[in-house]
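I opened this model to look up its fold, its ligand site and a few backbone oddities. My notes are below the structure.

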Amino acid sequence: MTFMQTRKRVPNVHFQNSLRIANNEETSEIEIDNLQEAKNKIKELEKKLQLIETKLNNVVNKNFPIVKFLNYKNRKRILVTGGAGFVGSHLVDRLMLAGHEVIVVDNFFTGRKRNVEHWIGHENFEMVHHDVVRPLYVEVDEIYHLASPASPPHYMLNPVKTIKTNTLGTINMLGLAKRVGARVLIASTSEVYGDPEEHPQSETYWGHVNPIGNNNKIFTMLINYLNSLVKLLFLGPRACYDEGKRVAETLSYAYQRQENIAVRVARIFNTYGPRMHMNDGRVVSNFILQALQNHSITIYGDGKQTRSFQYVSDLVDGLIALMASNYTQPINIGNPVEHTIEEFAKIIKDLVGGTSQIVELPAVEDDPQRRKPDISRAKKYLNWEPKISLAEGLRKTIAYFVKELQRSKNSHFDNNLKRPFKNDHDIIDQL
Ligand SMILES: NC(=O)c1ccc[n+]([C@@H]2O[C@H](COP(=O)([O-])OP(=O)(O)OC[C@H]3O[C@@H](n4cnc5c(N)ncnc54)[C@H](O)[C@@H]3O)[C@@H](O)[C@H]2O)c1
């Protein structure tokens, strides 16, 4: 019986009296019981309705971060591919706060809705579930093309797809830029320099990339064995990513020359910060996670290889400055302060505290020995250089990891408390 039917059948006082007058006491008592039951049911349903309305109100009247007002002339429509990822989501925050309209396109391979959920429902924000390997038709003024897995375990998981994303995906974005006359910024990488023979790496260096990876069978078997021991998904060489990004750069300049597209190319160096993937096998996340859990901090090789790490907000400053500039050649965006992996492990261990030991494991295939950007170009043409110190950035990142670890523990705890839903009706009943 439906809710409305129940309501119609509720008898009024006159009707009840007439029943009594008819002296059919037994029937009337049953009717009164039914009436009480119906009233209780209505009350229960009304409560549920109220709860659902409150939930809906909370979603609609969400407390968004306050964004700047930009008039029609200054407000841009900006597409961020890979906008639900680590770097993309920080870029989205900055563009939204500046008052622009932002469209995020992501296939959620490594990105998460949670990274941008604070904007969902905002009138300036739109999120599209889409794979850039397929063409996209939207009207925009600028495109930040960041869609691509960025860490070795992610891009090595499906090397062919990584190549497609960086080639077909880039062609689609350049094609879109051509169609709508948008300016496009390509997120390239320091990996285009491969295992560099020049140090520090300036943009004029052509790189030293192994295009096929190591084919030595014994070496590969050893790596696979070690990977299974440490439970990492190092399934193959880095070439799918390095060469994919190199082709993305080549495509950008071919479109620039042939189709007169306004392109900007950022060669991004190692970046860290909140929202980075906890289990991506990269140095920062590995070390922080290991230190927070009092596990051994594992260094691959002798730890003398160097890296330079930039904090994510510095990178976002650089990307926005590059998009706004007239500079069209590739440009390094990274922090030139260089640390050996060993030093880095010690810094993190000290910041986190705890009882972790630092241990050495055999080196990983194609792992570059030295990485440090020459950022003279960025300083000269973008007036940009990193501002956040390693200690400050690491503190923020460690705080994020602590929350994430807590969250995963709590959600496990919550799930244990909740009883499983039997079916879809059960879900609605428990709303
Ligand atoms: N983080 C770094 O240290 C670093 C260094 C150099 C270059 N980069 C470049 O910056 C960009 C962003 O990196 P990140 O660290 O934020 O990585 P990320 O994995 O967190 O973000 C990449 C995003 O792209 C999305 N994506 C992947 N393939 C896609 C596809 N085919 N279609 C649509 N979306 C797709 C993912 O779901 C994810 O949201 C990447 O292009 C990466 O190569 C990053």
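The entries run from the whole protein to the ligand shell, the sheet, the core and the loops.

**Entry 1. Overall.**
I note at the start that this is a predicted model. I counted the secondary structure and found 14 helices and 13 strands in the protein. I then looked up burial: 35% of the 431 residues count as buried. I also checked how far apart in sequence the contacting residues are. Among contacts between residues at least 6 apart in sequence, 81% join residues at least 24 apart.

**Entry 2. Ligand shell.**
Which residues are closest to the ligand? I found 28 residues around the ligand, with Gly82, Gly85, Thr110, Gly111 and Ala150 as the closest. Three elements give two or more residues to this shell: helix 4 (86-97), helix 6 (159-180) and strand 5 (183-189). Helix 4 contributes the most, with 3 residues. Sorted by class, the shell holds 13 nonpolar, 13 polar and 2 charged residues.

**Entry 3. The sheet.**
I traced an open sheet of 7 strands, and the order reads 3-2-1-4-5-6-11 with parallel pairing. Its edges are strand 3 (125-129) and strand 11 (331-333), each of which pairs on one side only. From one strand to the next, the twist averages 20°.

I spent most of my time on strand 5, since it also appears in the ligand shell. Strand 4 (residues 142-145) pairs with strand 5 in the parallel sense over 4 bridges. Along this pairing, Glu142 stands opposite Arg183, and Ile143 stands opposite Val184. Strand 5 is also joined to strand 6 by 6 bridges, again running parallel. There I found Ala187 opposite Ala266 of strand 6.

Is strand 5 enclosed or open to the outside? It is largely enclosed by the rest of the structure, because 6 of its 7 residues are buried.

**Entry 4. Helices on the sheet.**
Helix 6 lies across strand 1 (77-81), strand 4 and strand 5. Its direction runs at about 170° to strand 4. Helix 6 is also one of the elements I listed for the ligand shell. Helix 8 (residues 239-259) packs on the sheet too, touching strand 5 and strand 6 (263-268). The direction of helix 8 makes about 155° with that of strand 5.

**Entry 5. Nonpolar cores.**
Which members of the largest nonpolar core touch the most other members? Of its 72 residues, Val184 and Leu319 do. I followed up Val184. Leaving out residues up to four places away in sequence, Val184 touches Ile143, His145, Met173, Leu174, Ala177, Ile261 and Val263. Ile143, in that list, is the residue I had already noted opposite Val184. Apart from the largest core lies another core, of 6 residues, including Met156, Val209, Ala239 and Tyr241.

**Entry 6. Backbone oddities.**
I kept the general expectation in mind: most residues other than glycine have a negative phi, and most peptide bonds are trans. I then listed the exceptions I looked up.

- The peptide bond from His199 to Pro200 is cis, with omega near -10°. Pro200 is in the loop between strand 5 and helix 7 (217-230).
- Asn260 is not a glycine, yet its phi is positive, about 65°. Asn260 lies in the loop between helix 8 and strand 6.
- Asn294 also has a positive phi, near 55°, and is a residue other than glycine. I found Asn294 in the loop between helix 9 (283-292) and strand 8 (297-300).

Are these two asparagines buried or exposed? Asn260 counts as exposed because it has 9 C-beta neighbours inside 10 Å. Asn294 is exposed as well, with 12 other C-beta atoms within 10 Å.

**Entry 7. The loop after strand 5.**
I returned to the loop between strand 5 and helix 7 for Glu198. Glu198 counts as partly exposed, because 14 C-beta neighbours lie inside 10 Å. I also looked up how far Glu198 is from His208. The two are 10 residues apart in sequence and 9.2 Å apart in space, C-alpha to C-alpha. The cis bond from His199 to Pro200 belongs in the notes for this loop, where Pro200 is found.

Conventions. Residues numbered from 1 in each chain as written. Predicted model: local features only at pLDDT ≥ 70, side-chain atom pairs only at ≥ 80, totals over all residues. Near = placed C-beta within 6 Å. Nonpolar A, V, L, I, M, F, W, Y, C, P; charged D, E, K, R; others polar. Buried ≥ 20, exposed ≤ 12 C-beta atoms within 10 Å, placed from the backbone. Contact = placed C-beta atoms within 7 Å. Core = buried A, V, L, I, M, F, W, Y, C linked by C-beta atoms within 7 Å. Pairing = 2+ DSSP bridges. Axes fitted to C-alpha atoms, helices over the stretch in contact; angles between N-to-C directions.
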